[in-house]
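These are my notebook entries from one sitting with a structure. I kept them in the order in which I looked things up.

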Protein chains: 2
Amino acid sequence: MTTVFGRLTVAGVGLVGGSLAGAVREAGLAGEVVGFGRQEANLRLALERGLVDRVTRDPAEAVRDADAIVLAAPLAACPELAARFRTLARPGTLLTDVGSVKAGVVAALEQRWSGVGPVVGAHPIAGSEEAGAGAARVDLFRGRCCILTPTAATDRQALARVRALWEGVGARVEEMVAEEHDQLLARVSHLPHLVAYALVAAVVQTGGGRDPLAYVGTGFRDTTRIAASPAGLWADILLTNADALGAALGEFRAAIGQLEAAIAARDAGALERTLAAAQTARQRLERAG
Amino acid sequence: MTTVFGRLTVAGVGLVGGSLAGAVREAGLAGEVVGFGRQEANLRLALERGLVDRVTRDPAEAVRDADAIVLAAPLAACPELAARFRTLARPGTLLTDVGSVKAGVVAALEQRWSGVGPVVGAHPIAGSEEAGAGAARVDLFRGRCCILTPTAATDRQALARVRALWEGVGARVEEMVAEEHDQLLARVSHLPHLVAYALVAAVVQTGGGRDPLAYVGTGFRDTTRIAASPAGLWADILLTNADALGAALGEFRAAIGQLEAAIAARDAGALERTLAAAQTARQRLERAG
């Protein structure tokens, strides 16, 4: 595999950043991978697990002579991180990210990074409810989709390098307008997370003396697995993508309402048809692997 | 293991009935297990897989000399099946079921079976999105909860035999008033199913030229897995438990509304606290296995 970057700095070596760092090292896509973060223990773990070549909590040391910086911190922290790095990075340093919301974030990064180097927005659709360098896996992105969201300002060569990085760790790379990405992800990821958290909240609030969670089967477990995801990270994502999420919630409410109307009318035929359409779609997804 | 029943007839050898039949045979809990059903191919499969000793599509042959009959057909079909069997069964035959909704169903069975023998309502909380004898597994109930819902009319000896049956196949048996069962299950099972179907319906209805399902991650897959469950079976369950489900939906809407209000107010603290409470509850469930 050809080296894509000389020195690559990953800011935030948690589940996604740590997995990317480790996968980049394994594939030899960078001459050196530097892990930057705030938590000493997590950085040490990333180093011990061989995800990075070295670690630092010093921003200046982190970005010195970096060819590219990957922001893998929580969404809300990224523009601020970019602002901190801008005076420390050498001219031409490529800035990219892994955030689950793109439009506003990429615009903010372009603004913070103007005059420094190119910016490329990226979002690998991969993760789990776990967090931290301990949960990182070098195969996390293999076969997964990574969406790049170039803007009118995006440098084409920088875009090609970020594409090479993600393809190098096994992802299928696709380009999309940032707003379209945000609407899509609101539906396939952010809404399901909101729903899973709400399902758990609704069920545990049920009174009656019994613990409802003692009676759940595999269905409830699967449906709410992602409600074990870090609350802070997801508060951040839901707030950042509030508009698209609001629209997705409207569609979800309409779908619930349609089922509820069939139940209220005791219209078994209509209810079964609506459920069957969803069943067919979900089975198609199962077959697609 | 002591034999609990001489001849046990399982009416409906699908996922739940087939698994019970096979587990009963394996544990030697019945002298003979007879599979009754409508579909020749499914009955043949149950026989080939060794889930039953013999199969029949003839109701008279199915219940002749049966000590007990387990109704494992779709909910709506159970009272009708009981009515068909009543003139064919010998006096004293125990009637039990595996239905996901209990109050109305058990009352209907008691009425249809009056003068024949004892009735015991049962519901093993186990299953999957799959269906049919091909999906049956003799370990399906191991370690799972099975709820019995005795009424004022329930014969205590019959109750003890049904308990022995479920404990014999590895379930933890608990007794509960039928109405309480229905309210509990509306929350931990029926609502999550409705939500999963609605999530898929909302997402596939999203237009825009792209197939949203091509962009889903493991989160969406898990959250909607149970939307691949048989639509007819679930239309039946949702309709039968409509009242309790309506109440559960109200609680779910309130939980969604609380999250939405925090997002609309851009109140990151309130949003994170609400998500964190759900996260903690869900993680507790994870640890409980």
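Which residue is the bridge partner of Cys145(B) in E9(B)? I looked this up before anything else, keeping in mind that the model is predicted, and I found that Cys145(B) is bridged to Arg172(B). The strands behind that bridge are E8 of chain B, residues 145-148, and E9(B), which pair in the parallel sense over four bridges.

**Entry: the sheet around that bridge**

I then traced the sheet outward and noted an open sheet of three strands in chain B, in the order E7-E8-E9, whose pairing is mixed. Strand E7 (122-124) and strand E9 (172-175) of chain B each have a single partner strand and stand at the edges, so one side of each is left without a neighbour in the sheet. For the twist I recorded an average of 20° from one strand to the next.

**Entry: Thr149(B)**

From E8 I moved on to Thr149(B), which I located in the loop between E8 and helix H6 (156-168) of chain B. Is Thr149(B) buried or exposed? Its relative accessibility is 0%, and because buried means under 20%, I entered Thr149(B) as buried. Setting aside residues up to four places away in sequence, I listed what Thr149(B) touches: Lys102(B), Val106(B), Gly121(B), Met176(B), Val177(B), Ala178(B) and His181(B).

**Entry: Val55(B)**

For another residue of chain B I picked Val55(B), whose place is in strand E3, residues 54-56. With a relative accessibility of 24%, Val55(B) counts as partly exposed. I checked Val55(B) against Val34(B) and found the two 21 residues apart in sequence, while their C-alpha atoms are 5.6 Å apart in space. Beyond its neighbours within four places in sequence, Val55(B) is in contact with Gly35(B), Leu43(B) and Leu47(B).

**Entry: helix H4 of chain A**

Turning to chain A, I asked which residues of helix H4 (residues 78-86) are buried, and I wrote down Cys78(A), Pro79(A), Leu81(A), Ala82(A) and Phe85(A). Looking down the axis of H4(A), I saw that these buried residues fall within an arc of 160°, so they line one face of the helix. As a reminder to myself, an α-helix has 3.6 residues a turn, so residues three or four places apart point the same way. The elements of chain A against which the buried residues of H4(A) pack are strands E1 (5-11), E2 (30-36), E4 (68-71) and E5 (94-97), together with helices H3 (59-63) and H5 (103-113).

**Entry: cysteines**

Since Cys78(A) was on that list, I searched the whole structure for disulfides and obtained zero over all chains. Why does Cys78(A) form no such bond? The closest cysteine sulfur to that of Cys78(A) belongs to Cys146(A) and lies 14 Å away, too far for a bond, given that a disulfide needs the sulfur atoms within 2.5 Å. The sulfur of Cys78(B) is likewise 14 Å from its closest cysteine sulfur, in Cys146(B), which is too far for a bond. I also noted that Cys78(A) is buried, at 2% relative accessibility, and that Cys78(B) is buried at 2%.

**Entry: the two copies**

Last, I compared the chains and found that a rotation of 180°, with 0.0 Å of shift along its axis, superposes chain A on chain B at an RMSD of 0.0 Å. The two copies are thus related as by a two-fold rotation axis. The same surface serves both copies, because 100% of the contact residues of chain A recur in chain B. Within chain A, the residue that comes closest to the rotation axis is Thr223(A), its C-alpha at 1.9 Å.

Key: Residues numbered from 1 in each chain as written. Chains lettered and ligands numbered in written order. Predicted model: local features only at pLDDT ≥ 70, side-chain atom pairs only at ≥ 80, totals over all residues. Heavy atoms only, no water. Pairing = 2+ DSSP bridges. Helix = DSSP H or I, 4+ residues; strand = E, 2+ residues; numbered from the N terminus. Axes fitted to C-alpha atoms, helices over the stretch in contact; angles between N-to-C directions. Buried < 20%, exposed > 50% of the residue type's maximum accessible area, 1.4 Å probe, protein only. Contact = heavy atoms within 4.5 Å. Arc of directions from axis to C-beta. Least-squares fit on C-alpha atoms with pLDDT ≥ 70 in both.
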